[in-house]
Protein chains: 2
Amino acid sequence: MLREKLNEFYSVVFEKELIDEIIEVGKYKIIKENELLLDIGNNFQLIPLMLTGAIKISRETKKGDEIVLYFLERGDTCTISFANCLKNSKSKVRGVAEKESEVIFVPVSKLEEWMVKYKSWRGFVIESYNIRLNEMLDAIDTLAFMKMDERILKYLSDKVKIMRNPTLNTTHQEIAIDLNTSRVVISRLLKQLENEGKIKLFRNKIEVIDF
Amino acid sequence: MLREKLNEFYSVVFEKELIDEIIEVGKYKIIKENELLLDIGNNFQLIPLMLTGAIKISRETKKGDEIVLYFLERGDTCTISFANCLKNSKSKVRGVAEKESEVIFVPVSKLEEWMVKYKSWRGFVIESYNIRLNEMLDAIDTLAFMKMDERILKYLSDKVKIMRNPTLNTTHQEIAIDLNTSRVVISRLLKQLENEGKIKLFRNKIEVIDF
DNA sequence: TTAATTATATAACAATTGTTACACTAATAT
DNA sequence: ATATTAGTGTAACAATTGTTATATAATTAA
């Protein structure tokens, strides 16, 4: 069963021997909605490989300022946690399940070992880093070049895609936290977006049109 | 001579055999001040290893909006160009020499080959990615949580460190471009920072106090 | 030497975002 | 059933950032 899930979701197809090893040493776990995958300051010694679901990765400063970086979905891994694992340092990001997610955890010792043995693993590690760097570039573009109304719309669209559902169960307050602004600002601009016909607002619910 | 420079500057000490290979296939080049190392859209097939100098890495959108991401210095490589090299895709960032810089260019084919052969190269690649991800996180923090006056001061401090000189030769216009704002805003806030005793302003020159 | 260009300073105003306050409704708890 | 809490709407105002315009000094070109 685990084998099927691995074969199904990992686009860079691993060699059969590598799949065997992953199944042998990996720990399968279900992360419930709103459960923490990893928190800031954690000392994480396992590399997560996502099978299903969605994880929200965010950044928080000591002062409590917070901002969402990107979402992880099936086939993704959290390259940022490579660093923590390898250097035994503390996580600089937080990961919370947006919905129930299936994850395989692999001991960090395998990262290096498999790099020598498996070409597909080398490809996976490099590709994962590249995807993550591009996500970060995307986050930087958003912060540097977009106004708040555009940022909100992008946030909603991204979330609709990752949740595979045009109707989001969320509150204005949650969006405000994720975009590091205030609830009033979000309410104001959401209403404006509704007037422009881009979304529909309900209590605890937002429907995104033409995402 | 190349051997000495390599040994001197690369903190992750490469095995002797790897140094030999780098010297054999690498191309040594001097990049003059303001010269382009790589531009957006370029099809780059060489991995740059920095020996001396400083490269400013920035991002530009189609609309012409621009922003500085970070600076490269000795011991650094441009992991973002790994992606372009490997996937033969176009560069998403620009690199311009802030001062004359010495670089060794290595063919991308070696990236994979050396990962199998040399433990120190695997370490270097992973470490480079991690450094870059942290730089990106830093850039995100700056954009998401800092006001423009703080961003200016951080920009100046970073540049002072990379240039190893408390007096910067730069104009308000250049800073405005690097921070994606207008010259008037920069002049206004620089004057404020001068009044606070944090910098001293001259024509084409800014001295940073207590960086 | 004079004219043109470049760099800087600053005022006045516009647009965007942030803050405080309060009203109203829906959901939940007692 | 009533009280409490949570979510939303909106006005009024403050702070920050962006824009336009104009002045002046330093540098460079003719």
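How many residues surround DNA strand D, and which are the closest? That is where I should like to begin this presentation. The model before you is a predicted one. In it, 18 residues surround DNA strand D. The closest are His172(A), Arg183(A), Met148(B), Thr181(B) and Arg188(B), from chains A and B. Of the atoms of DNA strand D that come within 4 Å of the protein, sugar and phosphate account for 50%.

Let me turn to individual contacts with this strand. At the phosphate, a polar backbone atom of His172(A) is 2.8 Å from an oxygen of DNA strand D. Arg203(A) places a polar side-chain atom 3.3 Å from a sugar or linking oxygen of DNA strand D. A base is also contacted: an N or O atom in the side chain of Arg188(B) is 2.9 Å from a base nitrogen of DNA strand D.

Which helices each supply at least two residues of the surface near DNA strand D? They are helix H8 (183-195) of chain A and helix H8 (183-195) of chain B. H8(A) provides the largest share, 5 residues. By class, this surface near DNA strand D comprises 7 charged, 6 polar and 5 nonpolar residues.

I now come to DNA strand C. Here 17 residues lie around the strand, and those that come nearest are Met148(A), Thr181(A), Arg188(A), His172(B) and Arg203(B). Sugar and phosphate again make up 50% of the atoms of DNA strand C that come within 4 Å of the protein. Two contacts involve phosphate oxygens of DNA strand C: a polar side-chain atom of Thr181(A) lies 2.5 Å from one, and a backbone N or O atom of His172(B) lies 2.9 Å from one. At a base, an oxygen of DNA strand C is 3.0 Å from an N or O atom in the side chain of Arg203(B).

H8 of chain A and H8 of chain B each supply at least two residues of the surface near DNA strand C, and H8(B) gives the most, with 4 residues. This surface near DNA strand C has 7 charged, 5 polar and 5 nonpolar residues.

Finally, how are the two protein chains related? A turn of 180° and a shift of 0.0 Å along the axis lay chain B on chain A with an RMSD of 0.0 Å. The two copies are therefore related as by a two-fold rotation axis. In chain B, the C-alpha of Val116(B) is the nearest to the axis, 2.6 Å from it. The same surface serves both copies, since 100% of the contact residues of chain B recur in chain A.

Conventions. Residues are numbered from 1 along each chain as its sequence is written. Chains are lettered from A and ligands numbered from 1 in the order in which they are written. This is a predicted model: local features need pLDDT of at least 70, side-chain atom pairs count only at pLDDT 80 or more; totals for chains, interfaces and linings use all residues. Side-chain values use heavy atoms; hydrogens and water are left out. A residue is near a molecule or strand if one of its heavy atoms lies within 4 Å of it. A polar contact is a pair of N or O atoms within 3.5 Å; within protein, one must be able to donate a hydrogen and the other to accept it, and residues adjacent in sequence count only if both atoms are side-chain atoms. Ala, Val, Leu, Ile, Met, Phe, Trp, Tyr, Cys and Pro count as nonpolar, Asp, Glu, Lys and Arg as charged, and the others, Gly among them, as polar. Copies are superposed by least squares on the C-alpha atoms of residues with pLDDT of at least 70 in both. Contact means heavy atoms within 4.5 Å.
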